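Please follow the strands of this model one sheet at a time, beginning with the order of the strands and then turning to their pairing.

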Amino acid sequence: MKTIKIALLFSSFFLFVNFNQGRAQQLSTYIEITGAKTEFCTNQTFALAGIANDGTGTYVEHHWIDNSGIIYKTENNVAIIKAKIAGTYTINYQVKDDAGNVASAAISFKINQSPSAEIADQDGKIKLINLTGENPFKFSWYENNKKIELENVSYSKNTTYRVVIVDKNGCSFSTSKVF
């Protein structure tokens, strides 16, 4: 920035004009997402970061536009997402610099439904009922926090059984029951 002084002699009136001799930088923005992923699971928390480039370099306003209600919290250029319903979502980010330049970006991602199930007693054996999610599943069973293989196992009284289920999308769910 170069200042050129122009003096006009009308009593004691002076006019100073600042000219920007360089080219103004255009403000631009993009959105980064946790782990550069585009698919997540219900009840999983992840972050979006709005990245601004150029402009004046002093960013005075950050706005996250979400018509779906999945943004849990925002702070300046960061939005925390926690979706409870599966679907495809688009979030918009807008930034403004101190010269009034505005830039915006959008990002889309998919939320997969996490699996769920209940542990039940069926004829004295431990079984999973009401299993939801996407096949194939992987199951990890625990008896009082010790990993076990569970195939037609009869349960022991006053024992906690827990299962961790992971579906084909990598979404997981854990539940436990004391018999």
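**Two open sheets**

Strands 14, 13, 15 and 16 lie in the order 14-13-15-16 and form an open sheet of four strands with antiparallel pairing, where strands are DSSP runs (E, at least two residues) numbered from the N terminus, and two strands pair if DSSP finds at least two bridges between them. At the edges of this sheet are strand 14 (146–148) and strand 16 (172–178), each of which pairs on one side only. From one strand to the next, the twist averages 25 degrees, with axes taken as lines fitted to C-alpha atoms and angles running from 0 to 180 degrees between N-to-C directions.

The model is a predicted one, in which local features need pLDDT of at least 70 and side-chain atom pairs count only at pLDDT 80 or more, while totals for chains, interfaces and linings use all residues. Residues are numbered from 1 along each chain as its sequence is written, and side-chain values use heavy atoms, with hydrogens and water left out.

Within the sheet just described, strand 13 (residues 138–143) pairs with strand 14 in the antiparallel sense over three bridges, and Trp141 has Ile148 in strand 14 as its bridge partner.

A further open sheet is made of four strands in the order 3-5-8-7, again with antiparallel pairing. Its edges are strand 3 (28–33) and strand 7 (71–75), and because each has a single partner strand, one side of each is left without a neighbour in the sheet. Neighbouring strands here are turned by 20 degrees against each other on average, direction ignored. Strand 3 pairs with strand 5 (residues 45–53) over six bridges in the antiparallel sense, and the bridge partner of Ser28 in strand 5 is Asn53.
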